[in-house]
Amino acid sequence: METEFDPLTTAHINLQLEEFPKIQLAAEKFVIWFQPVYELDTGGVLHNEVLVRWRDEEGNLRQPQELLSALQNTQLLNQLDRIVVEKSIAILSQQTSVKLSVNLSNDIFEDQGFLPQLNLWFTQYKVAPKRLAFEIEEETLFQKQSLILPFMTELQMMGCYVVVDNFTGRFFPLSQLQELPIKMIKLDRSFALQPITLDKKQLAKAISYASRAFQRQTILKGIDDNSSLKLASDLGIKGVQGYSLGKPQDKPKTFRLFGVILFKIIATLIFLYIVKSLLGINIFPEHHAWEIIIDFFQSIFDGK
């Protein structure tokens, strides 16, 4: 059983590139972890984002930042992408109710053999491509459009979903969202930081509105408190992701998030109470409205 990885408490370990084979990374050194993305309206799991961890000879989990920093400019990142993608597809073949998303490095777009190999993996493991999404950062997409857009189109034609990650709206006009071969937009975590400025909130609203108009799903990540969760609800965001909603773990989550459902129930009950107060309507003649709310939660925790 994997011990929980916490970047705030894990000691920093210097990662030496010499610990990796010179020609090919060893697949067995890498383990796959997951962080769920929840649907805000229902609390259901939209998919799990794949996170890579590296375990050294002493069994210690190395921080992802160390791993990626060590592999930068080594032409090994595309090999790591291949390892992570195949491991993810293997997991999908074993867990038929799970959907996953994988972050791609900059190097993979120049790997001419990756897409044919991806197609072979789907056939080999008997996995439907629509169960696997690929995340590409907005800035990377902007800088290498001529290289990445055909890559994204092939992924889409294969049946995979494509996600623009860390979306800020600085690199693409919102009108161009309709033209991009994507299924989802992940807003940059800066939109979830509190307090949010009025300009930032208006931009987030515009992105969310444009996404819905062009039939793209919007996800807000970095949800760390109730304020950012309420913001996502106010913006009409489809999905939410954050450390407070679901910590990275060694197994993908498939069950609904009770906290999101509870948040929706509380918001609805408070709204009904406000309407009742403004209109002077006594919905429950023999009970105060807050007594109904208290009785409701008591029935949940008492198992009624």
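This report walks through a predicted model of a protein, from its overall make-up to a few individual residues.

## The protein as a whole

Let's start with the broad picture. The protein has 304 residues, and 45% of them are buried. Its chain forms 9 helices and 9 strands. Among contacts with a separation of 6 or more, 70% are between residues 24 or more positions apart.

The surface is worth a glance too. About 16300 Å² of the protein is exposed, with carbon and sulfur atoms supplying 54% of that area.

## Strands β2, β4 and β5

Strand β4 (residues 100-103) makes a handy landmark here. On one hand, β4 is joined to β2 by 2 bridges, and the two strands run parallel. On the other, β4 is joined to strand β5 (residues 132-137) by 4 bridges, again in the parallel sense. If you want a pair of residues to find in the viewer, Val102 stands opposite Phe134 in β5.

Helix α3 (residues 114-125) belongs with this pair of strands: β4, α3 and β5 together make a right-handed β-α-β unit.

## A closer look at Asn48

Asn48 sits in strand β2, which spans residues 45-55, and its bridge partner in β4 is Leu100. Is Asn48 buried or exposed? With a relative accessible area of 2%, Asn48 falls under the 20% cut-off, so it counts as buried.

What does the side chain of Asn48 reach? It comes to 2.9 Å from the backbone oxygen of Lys253. Lys253 is also on the list of contacts that Asn48 makes beyond its neighbours within four places in sequence; the others are Phe34, Gln35, Pro36, Lys99, Leu100, Ser101 and Pro252.

## The nonpolar cores

The largest nonpolar core holds 64 residues, and those with the most contacts inside it are Val85, Phe114, Leu118, Leu132 and Phe134. Helix α2 (residues 77-94) gives the largest share of this core, with 8 residues. As background, nonpolar side chains tend to be buried together in soluble globular proteins.

Leu132 is a good residue to click on. Beyond its neighbours within four places in sequence, Leu132 is in contact with Val85, Ile89, Leu92, Leu100, Val102, Leu118, Phe122, Cys160 and Tyr161. Apart from the largest core lies another core, of 6 residues, including Val37, Ala133, Val163 and Met184.

## Strands β7, β8 and β9

Strand β8 (residues 217-221) is mostly covered, as 4 of its 5 residues are buried. It runs parallel to strand β7 (residues 184-187), and 4 bridges join the two. Met184 faces Gln217 of β8 across this pairing. Between these strands the chain passes through helix α6 (residues 198-213), giving a right-handed β-α-β crossover.

Strand β8 also pairs with strand β9 (residues 239-241), over 3 bridges and in the parallel sense. Here Lys221 has Gln241 in β9 as its bridge partner. To get from β8 to β9 the chain goes through helix α7 (residues 226-235), and this β-α-β crossover is right-handed.

## Pro195 in its loop

Between β7 and α6 there is a loop, and Pro195 is found in it. Pro195 has a relative accessible area of 75%, which is over the 50% cut-off, so it counts as exposed.

How far apart in space are Pro195 and Ser228? Their C-alpha atoms are 9.1 Å apart, while the two residues are 33 residues apart in sequence.

Notes
Residues are numbered from 1 along each chain as its sequence is written. This is a predicted model: local features need pLDDT of at least 70, side-chain atom pairs count only at pLDDT 80 or more; totals for chains, interfaces and linings use all residues. Side-chain values use heavy atoms; hydrogens and water are left out. Buried means under 20% relative accessible area, exposed over 50%, partly exposed in between (1.4 Å probe, protein chains only). A polar contact is a pair of N or O atoms within 3.5 Å; within protein, one must be able to donate a hydrogen and the other to accept it, and residues adjacent in sequence count only if both atoms are side-chain atoms. Contact means heavy atoms within 4.5 Å. Two strands pair if DSSP finds at least two bridges between them. A crossover is right-handed if, with the strands pointing away from the viewer, the path from the first strand over the helix to the second runs clockwise. A nonpolar core is a set of buried Ala, Val, Leu, Ile, Met, Phe, Trp, Tyr and Cys residues joined through side-chain atoms within 4.5 Å. Accessible areas come from the Shrake-Rupley method with a 1.4 Å probe; for residues, only the protein chains shown count as cover.
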